[in-house]
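Reader: I have the structure open and would like to understand the terms used for it. Could you take me through a few of them?

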Amino acid sequence: MRRRTIIKGGFALGTGGLAGLTGSSLAGAQDSSPEPLVVQDFEDSGDQNSLDHDWTTAALDGAEVEDGALSLAYDEAGFFATRVHEDVSDYQYLVLSMRGASGDEQSGVQLEVGGTEGQLASLTEEPIATEFSEVAVDLDAMGVDRSSVDDVRLNFWQGESGTVEVDWIAFAATPFPEVGDDGGESTPPPTETDPEAWPWEVEAGNEKEPEDVLPASEITADTTLAELCPTFDSDDAHMHVPRDFLDYLPDKGSVDGEIDVTEESVDDSTKAGMYDVDVEAIQNKVNSGELTMGELGTQALDHVQTYIEEGFPYHATAKLLPRLMLLPDETEKLTYHKTNDPWDQTAGPATPGNDPDQLIQQEWPTDARTYQADEKYERDRAHDQPDHVDTDWTFSSLLSDDIYYDEDHPLVETIRNNEHPVTGEDLGEGFTANAPMEASVRMHNENSNYWYQVLNFKNTQAVPYYVDAAVIWWVGPMALSDLRNGHYNNPHRPNPGKGHPQRDIIEVVYDEERQLSAYAVRIAQHDEPYNMRTAYPNQRWGLEQGLPSTGPDGNERFTSAEERQELVDIMLDTLHVELETNLDRNQSIIEAFDLRNRVSN
């Protein structure tokens, strides 16, 4: 019998009460302890959990609430997240009622609680069964800061496929008897975490180049991976290059006729066929390092030679190879989340008026391969910052009037004075950036009530750059509304698609009479490999930010062609992009703007 039929009736939504239950191990364990805090019980399919916060899923093969449980079908990708934003110090355990289609799915499930993560198989001795049963995780042993838990997530990027169902999720003060209520030892955490050292003081070592490397002139189709980068398989350098290939290796698909990548999205399997990638050679040779540049097909070698000639890091070049072999010569079509009825009026493309030099980021972050503490700290340094560093962080889609209407806000002053907020450097007129790129602006009319500001960028330098922790600011139409409605777009992913990094974002009224606001956004990627957070030469990436089409007064605005053209011109002329340069999370700009408001999407 499903255990949910025994315990479900006692859930007190919003307060997490399970008082008065009988016949339930959860109820019995709580006799002298605080009542469990129920996060989610899936009694309905709405977008609010039992704590009246948002929950979401993405990149899954299927996600459906049925019969009071959430079914999650995954194929090496996807996540479920439910927001908490609570002090759960009274509860030592996170308890999930789960079952799997096949059983033993715990190795394919990554659990995140308040920014601390681990493979479920390492966090509990209990397997996922084929019937609903409770799985308890000791939060202390996991290393969770229980004083401030932002969310609970289940991630499925572990290279496995399957289906699990979640019946309910709760924080509890004591474990269930079958987990160790008799005083048995708790399962140790997979890694030790030290928030005091997080994350910029951790020396990952991947910025150190191998001593014996080839000059660009000696790199040929016969050059092996080991010759290109002798540290390709080094754990100390956090390389994981074989996994970069194998975790997302496509089949080699057939190609029927001409394919225009500038007009249609093309999956990786088709690209492998288009560019003659030797998938079998990768499978057989990548672990030994004997894989040659020529076996990667027609695309990778030219990129490798160019990057090394330009002084791009060898270790970053090696880790980007799984995408370089699938990278078109043409500028690939950029996918959008919201594409309905774009305005006729656009601005750009424009190059930065401050004429920046080529930016080569020597320190590339750890790739998304493992959950060792120092690797995660570096990789997710922007995303995890609110959990480990600053205490004065908000998580609101609506800001206070003190922020919206601050006439002297540093963001507003920065744009008005055309000065860099940290250095005071004169940025000059028009679109500016700290690396060569191209920008254009569009507005998408999603429906009669909602618009999306669209900022498109193209990397115009000879080498890639990563966009994680980049800060973008501009002036656009006043919103004073839900800041969560925004997206990051990048077509260079294991499959063509759109990204869901979280964002730090503020809006400050810039010109109330003209209904204009200043926006600042920092991209906060997590758990995503290089190819999802990298802008490649001659390729695009972008942001979308939603807002109501009507103004704060409820009236239509920007209705004429002249008004609309003026608006997109203002957006482009005030646009600035600041890429991260030394793994510092762009912290100086965060402090200058007090850009400490995190939203998910």
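**Reasons behind the labels**

Author: Gladly. Keep in mind that this is a predicted model. Let's start with one residue: leaving aside its neighbours within four places in sequence, Gln545 is in contact with Trp451, Tyr452, Gln453, Trp474, Asp482, Leu483, Asn485, Gly486, Arg503 and Ile505.

Reader: Why is Gln545 called buried?

Author: Buried means under 20% relative accessible area. Gln545 has 2%, so the label applies. This residue lies in strand E23, residues 540-548.

Reader: What makes the link between the side chain of Gln545 and Leu483 a polar contact?

Author: The side chain of Gln545 reaches the backbone oxygen of Leu483 at 3.3 Å, and the cut-off for such a pair is within 3.5 Å.

Reader: On to helix H15. How do you know where its buried residues lie around the axis?

Author: In H15 (residues 410-417), Leu411, Val412, Thr414 and Ile415 are buried. Seen down the helix axis, they fall within an arc of 160 degrees, so they line one face of H15. Their packing partners are strands E17 (471-477), E20 (502-511) and E21 (516-524), together with helix H17 (587-593). After H15 comes Asn418, with a positive phi near 55 degrees.

Reader: Why are H10 and H11 called roughly antiparallel?

Author: The axes of H10 (residues 300-309) and H11 (residues 314-324) come within 10 Å and cross at roughly 160 degrees. Angles over 145 degrees count as roughly antiparallel, and therefore the pair earns that name. Their contact involves Ala300, His303, Val304, Tyr307 and Ile308 of H10 and Tyr314, Thr317, Leu321 and Leu324 of H11. The crossing is right-handed.

Conventions:
Residues numbered from 1 in each chain as written. Predicted model: local features only at pLDDT ≥ 70, side-chain atom pairs only at ≥ 80, totals over all residues. Heavy atoms only, no water. Helix = DSSP H or I, 4+ residues; strand = E, 2+ residues; numbered from the N terminus. Buried < 20%, exposed > 50% of the residue type's maximum accessible area, 1.4 Å probe, protein only. Polar contact = N/O pair within 3.5 Å; in protein donor to acceptor, adjacent residues only side chain to side chain. Contact = heavy atoms within 4.5 Å. Arc of directions from axis to C-beta. Axes fitted to C-alpha atoms, helices over the stretch in contact; angles between N-to-C directions. Parallel < 35°, antiparallel > 145°, perpendicular 65-115°, else oblique. Left-handed = near helix turned anticlockwise from the far one by under 90°.
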